[in-house]
Amino acid sequence: MAETLTGLAQSALKDLADVFAAMPDDALDGLVEAIVAARRIVVFGLGREGLQMRGFAMRLFHMGRNVAVWGDMTTPEVGPGDLFFVSAGPGDLATARTLATIARQAGARTALVTAQPGGALARQVDVVTVIPAQTMADDRGAKLSVLPMGSLFETAQMIAFELAILKLRARLGETAETMRARHTNLE
């Protein structure tokens, strides 16, 4: 028998609540500080994590930050004073590792959001933000989220990014109105 929509939603929301309950209050502070200090920010992610990174880039743009998404034709070079921010929920991605190396060699700071802080990439970057949620690296076993595959991480990532925006908004003197003024009118 299929579960009800309400039951599935309650299970998913409990899984998300458990993720945020496991995060210390300062879990986003390193990332927030790196963003505040950055002259320019370039974000990178693949698949659904990449979609969350694109959404975060949009919010950073609404905050007046100089931000680009890696792979877009307008992606600038990075160097001193810049931040290259990657997502690798499972802990390591060869592409992310290579790009972080290039960014560091160019003098940029590097940051990672992951569920697996023991991965190779975490040892390579300057700032690690951990979201302790199920990814495809650990989606088999006894304790599984009701959400499939890496969806718990990706959903928690979106919420964590919105919470980081709230912290940044206070730090940068932004308001809902100043952010809205930067929203596109081409809709």
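A crossing of two helices is right-handed if the near helix is turned clockwise from the far one by less than a right angle. In this predicted model, α2 passes α5 in just such a right-handed crossing. The crossing of α1 and α5 is right-handed too. This briefing covers both helix pairs, then Q157 and M149.

**Helix α2 against helix α5**

- Helix α2 spans residues 29-37, and helix α5 spans residues 151-172.
- Their axes come within 10 Å and cross at roughly 45°.
- That angle makes α2 oblique to α5, because angles of 35 to 65 degrees fall outside the roughly parallel and roughly perpendicular ranges.
- On the α2 side, the contact is made by D29, V32, E33, I35 and V36.
- On the α5 side, the contact is made by A164, K167, L168, R171 and L172.
- By class, the residues of this contact of α2 with α5 divide into 6 nonpolar, no polar and 4 charged.

**Helix α1 against helix α5**

- Helix α1 covers residues 5-21.
- It packs on α5 at an angle of about 55°, with the two axes 10 Å apart.
- That makes α1 oblique to α5.
- Helix α1 contributes D15, L16, V19 and F20 to the contact.
- Helix α5 contributes L152, T155, A156, I159, A160 and L163.
- The contact of α1 with α5 has 8 nonpolar residues, 1 polar and 1 charged.

**Q157, a buried residue of α5**

- Q157 is found in helix α5.
- Its relative accessible area is 0%. Q157 therefore counts as buried, as the cut-off is under 20%.
- The side chain of Q157 makes a polar contact with the side chain of S87, at 2.8 Å.
- Leaving aside residues up to four places away in sequence, Q157 touches E49, Q52, M53, S87, V113 and I131.
- S87 thus appears both as a polar partner of Q157 and among the residues that Q157 touches.

**M149, in the loop before α5**

- M149 is found in the loop between β5 (127-130) and α5.
- Phi of M149 is near 50°, a positive value in a residue other than glycine.
- Most residues other than glycine have a negative phi.
- M149 is partly exposed, with a relative accessible area of 47%. That value lies between the cut-offs for buried, under 20%, and exposed, over 50%.

How values were computed:
Residues are numbered from 1 along each chain as its sequence is written. This is a predicted model: local features need pLDDT of at least 70, side-chain atom pairs count only at pLDDT 80 or more; totals for chains, interfaces and linings use all residues. Side-chain values use heavy atoms; hydrogens and water are left out. Axes are lines fitted to C-alpha atoms, for helices over the stretch in contact, and angles run from 0 to 180 degrees between N-to-C directions. Helices (H or I, at least four residues) and strands (E, at least two) are DSSP runs, numbered from the N terminus. Angles under 35 degrees count as roughly parallel, over 145 as roughly antiparallel, 65 to 115 as roughly perpendicular and the rest as oblique. Contact means heavy atoms within 4.5 Å. Ala, Val, Leu, Ile, Met, Phe, Trp, Tyr, Cys and Pro count as nonpolar, Asp, Glu, Lys and Arg as charged, and the others, Gly among them, as polar. Buried means under 20% relative accessible area, exposed over 50%, partly exposed in between (1.4 Å probe, protein chains only). A polar contact is a pair of N or O atoms within 3.5 Å; within protein, one must be able to donate a hydrogen and the other to accept it, and residues adjacent in sequence count only if both atoms are side-chain atoms.
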